[in-house]
Amino acid sequence: MLDPARILQRCDALARHSELPGGLTRVFLSREFRAASDLVLGWMREAGMQAKLDPIGNAVGRYEGDRPGLPCLMLGSHLDTVRDAGRYDGMLGVISAIECVHVLHAARKRLPFAIEVVGFGDEEGVRFGTTLLGSRAVAGIFDEKVLEAKDAAGVAMADALREFGLDPKEIRGIARKKGDVLAYAELHIEQGPVLEAEGLPVGVVTAINGFSRLRATLKGVAGHAGTVPMNLRRDALAAAAECVLAVERVARANPELVGTVGRIEAKPGAINVIPGEVAFTIDVRAPQDALRKQAVAAIRSQVEQLAKARSVGVEIETLQEFGSSTCAPWLMDQMDRAVKRKGFPVRRLPSGAGHDGMALAAITDICMLFVRCKGGISHNPLESITREDAAAGVSVLSDFIEHFELSA
Ligand code: GLV
Ligand code: MN
Ligand code: MN
């Protein structure tokens, strides 16, 4: 029997592996990440899967079909977190998928396809500033240049992988071929307020919004906070403040756009020094790629103008871009049917957040099931779901798996 209490207990158990005392931060290839991956691999084995860490640090479990070596239905989500995170974003999808396999295994049931459950090693991109590392490797779209990306301590990703006992040269080999993965299905908390507002436990995702991530660096002149008159300053932080508001203005101009400055760093960072250099990130998302690109162009031009007006130098680099991904109609239909069979109303909705399915879409059709979360709150320690909703989500996912067929 599916056990929603066990799902929540396992989310709690993973949340204990954190580098943040009293909270949850678990970044790619950290000591805590190792401990969490080991737990997940153990749960996969208990559920009857062959399980191992792959060369990019994904925890991968495989449950063979009614004969060995069949193409798989891939399920999963991620095991890394943002800083000061909630305990369900990512983990709920991995643990719920393991629970579904557990039930098949207990009933000694094999399906006409294999199931693979993947706990992707890095989706959030917190450590190296670039996201979807695990799922891109599996989808064969991992850009080896990112192996040179450095974390805040100056450690290159390739070195971090080696220190973790993984061989970056083997990453290429984990790319799946089209046809090996029949489809990808991910259960995830909604991370937004729609399901709660409508009184629904689950929703079927139609598409995942695309994103652009940039970093702007403003260079002014550092100086004495007491001696330099206001009209003679080139204060990089005051210029950045105007830029943050410009990002907000551009994003507010269209209800389908969102824009965020999530990180800002001012140097030298002293109370009595005019900031000489400021770097900040910009995250822009939209359902239509053209709309997102227009917004990015507008933001770039406004940041450049604002910097110029204050005689501050500016450099803007694109860190990462990903187009929007549509969920496959044949899979959404099968998920709708699973929702109905479990007695819930069908509600389709788009995803504003990014997910591993965006990368998997390069090799297979994807779909997602959202589970209601309290207040729509996520990327926040207050993230929470009820046991009833965890039960609803896993029961729909399990039903979807057991009825999965290649044609609609
Ligand atoms: C991932 O959670 C993202 O959408 O930033
Ligand atoms: Mn997240
Ligand atoms: Mn997530």
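How far does a backbone N or O atom of G354 lie from an oxygen atom of ligand 1? The legends below start with that spot and then visit other parts of this predicted model.

**Figure 1. Ligand 1 and the residues around it.** Here is the reply to the opening question: a backbone N or O atom of G354 sits 2.6 Å from an oxygen atom of ligand 1. On its own, the ligand has 200 Å² of accessible area, and the protein covers 92% of it. Side chains take part here too. A polar side-chain atom of E124 is 3.0 Å from an oxygen atom of ligand 1, and for an N or O atom in the side chain of R213 the distance to a ligand oxygen is 3.2 Å. Other residues around the ligand include E123, R285, A353 and H379.

**Figure 2. E383, a buried residue with no salt bridge.** Look for E383 in the loop that runs between β16 (366-371) and α11 (387-403). Which side chain of opposite charge is nearest to E383? That is R87, 7.6 Å away. A salt bridge calls for a nitrogen and a carboxyl oxygen within 4 Å of each other, so this pair does not qualify. The side chain of E383 does reach the backbone nitrogen of H379, at 3.2 Å. Apart from its neighbours within four places in sequence, E383 touches several residues, among them G86, Y88, I189 and S378.

**Figure 3. Salt bridges, from an exposed arginine to buried pairs.** In general, side chains of opposite charge can pair when their charged atoms come close. A search of the whole structure finds 25 salt bridges, and a few of them are introduced here. R252 pairs with E248, with the closest N and O atoms 3.6 Å apart. These two residues are separated by about one helical turn because they stand four residues apart in helix α7 (residues 236-252). R252 is exposed, at 65% relative accessible area, while E248 is partly exposed, at 37%. R285 and D283 form a salt bridge as well, 2.8 Å from N to O. Both are buried: R285 has a relative accessible area of 16% and D283 has 15%.

**Figure 4. D389 and R372, a salt bridge between distant parts of the chain.** The side chains of these two residues meet at 2.6 Å, N to O. D389 belongs to helix α11, whereas R372 is in the loop between β16 and α11, 17 residues away. With a relative accessible area of 5%, D389 is buried. Elsewhere, salt bridges that share partners join R62, E64, E116 and R176 into one network.

**Figure 5. Backbone details at D84, L132 and P268.** D84 and L132 each have a positive phi without being glycine: the angle is near 55° for D84 and near 60° for L132. Are these residues buried or exposed? D84, in the loop between β3 (72-78) and α3 (91-106), is partly exposed at 35% relative accessible area. L132, in the loop between β4 (114-120) and α4 (133-138), is buried at 1%. Finally, the peptide bond from K267 to P268 is cis, with omega near 5°. P268 itself lies in the loop between β10 (264-267) and β11 (273-274).

**Figure 6. A266 in strand β10.** This alanine is partly exposed, with a relative accessible area of 30%. Leaving aside its neighbours within four places in sequence, A266 is in contact with L237, P275, E277 and V278. From A266 to E186 there are 80 residues in sequence and 39 Å in space, C-alpha to C-alpha.

Conventions:
Residues numbered from 1 in each chain as written. Chains lettered and ligands numbered in written order. Predicted model: local features only at pLDDT ≥ 70, side-chain atom pairs only at ≥ 80, totals over all residues. Heavy atoms only, no water. Buried < 20%, exposed > 50% of the residue type's maximum accessible area, 1.4 Å probe, protein only. Lys, Arg positive; Asp, Glu negative; His and termini not counted. Polar contact = N/O pair within 3.5 Å; in protein donor to acceptor, adjacent residues only side chain to side chain. Contact = heavy atoms within 4.5 Å. Near = heavy atom within 4 Å. Areas by Shrake-Rupley, 256 points an atom, 1.4 Å probe, with all protein chains shown as cover.
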